[in-house]
Amino acid sequence: MSAVMNNPQLEVGSSGAPAAPVVSVQHLNKVYESKERRVEAIGDLSFEVRHGDFTCIVGPSGAGKTTLLKCLSGLLAPTRGTIRVNGHDVTSPPEEMAIVFQEYGRSLFPWKTVRENVELPLRERKVPKDQRRRMVDAALEAVALAGVGDSYPWQLSGGMQQRVAIARAVAYQPKVMVLDEPFAAVDAQTRADLEDLMLRLWSELDLTVIFVTHDIDEAVYLGQRVLVLSSSPTRVLDDVPIDIAGPRTQALTRVEPGFAELRTRVYQGIQAAKAKKVAA
Ligand SMILES: Nc1ncnc2c1ncn2[C@@H]1O[C@H](COP(=O)(O)OP(=O)(O)OP(=O)(O)O)[C@@H](O)[C@H]1O
């Protein structure tokens, strides 16, 4: 059983007021337009994420979660609205943001070793060789893969490959980590281990995390807050604070009465979103 400490709560500025949000999404709208069809994936979406928050995002299939993350990470331009990271408008991938996708098999290069895969973003940023080596060693150590740097991804299990992808994301010490259903393709036991790994990294590396998942239990277990999105055109249906005290542990947290209440609230939110879509 692993015990994971909670991150310090919201930072307070010198004036005593809450510090500026690390991520700010204001009136985001995204329409996909082609000759054949027009899809309004995101209607009007606004939320803020503060330093040190672990925010989980859930919503029905097709709610626009991946679209949101693509806009957040500068891979897709919004149709309307603004996205700011650390006070700067996002127009290309923000330097201080790392992204982890579900499909680790496609995000790792099979012809490169684990070390070379983790090193890649550091090379692109022209980090000097010695410093690069130290940063890769630290990242592999952080995800408990110190011994496999010279292996190739295909020689590792699915869970280990996803840890390599996470090591690559944390290697260049991002301030914000964005994850899109990162553990959907691994078995339940590995998933639980990866969840605890994420909580440990969040706590130890002082990360701000935005984590998209289909799994309600996972969202409540990991998050300090769960945003429930409507069906597209997407907006925020519910913003659920996860006030579970103390360290989170797989064995104990999920059987707390508070956990069951929170999961019910999130579940009902998603059901309401689906029902509205059917009615529409
Ligand atoms: N490139 C695209 N061109 C046109 N429509 C798109 C495109 N990408 C997504 N969509 C549409 O936008 C809507 C939102 O899709 P998106 O993949 O963001 O949802 P999602 O919440 O991530 O879905 P899921 O939970 O099933 O992964 C859907 O109606 C989808 O069909």
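Ala, Val, Leu, Ile, Met, Phe, Trp, Tyr, Cys and Pro count as nonpolar here, Asp, Glu, Lys and Arg as charged, and the others, Gly among them, as polar. The model is predicted: local features need pLDDT of at least 70, side-chain atom pairs count only at pLDDT 80 or more, and totals for chains, interfaces and linings use all residues. Residues are numbered from 1 along each chain as its sequence is written.

**Exercise 1.** Find the residues around the ligand and sort them by character.

Solution. Start with the shell, where a residue is near if its C-beta atom, placed from the backbone, lies within 6 Å. Y32, V39, A41, G59, S61, G62, A63, G64, K65, T66, T67 and S232 surround the ligand. Next, sort them: four are nonpolar, seven polar and one charged.

**Exercise 2.** Describe how helix α5 (residues 158–171) lies against helix α6 (residues 188–204).

Solution. Begin with the axes, lines fitted to C-alpha atoms over the stretch in contact, with angles from 0 to 180 degrees between N-to-C directions. These axes come within 10 Å and cross at roughly 15°. Therefore α5 is roughly parallel to α6 (angles under 35 degrees count as such).

**Exercise 3.** Is M135 buried, exposed or partly exposed?

Solution. Count C-beta atoms, placed from the backbone, within 10 Å of its own: 20 or more others means buried, 12 or fewer exposed, and in between partly exposed. M135 has 19 such neighbours, so M135 is partly exposed. Finally, place M135 in helix α4 (residues 129–142); helices are DSSP runs of H or I with at least four residues, numbered from the N terminus.

Key: Helix = DSSP H or I, 4+ residues; strand = E, 2+ residues; numbered from the N terminus. Parallel < 35°, antiparallel > 145°, perpendicular 65-115°, else oblique.
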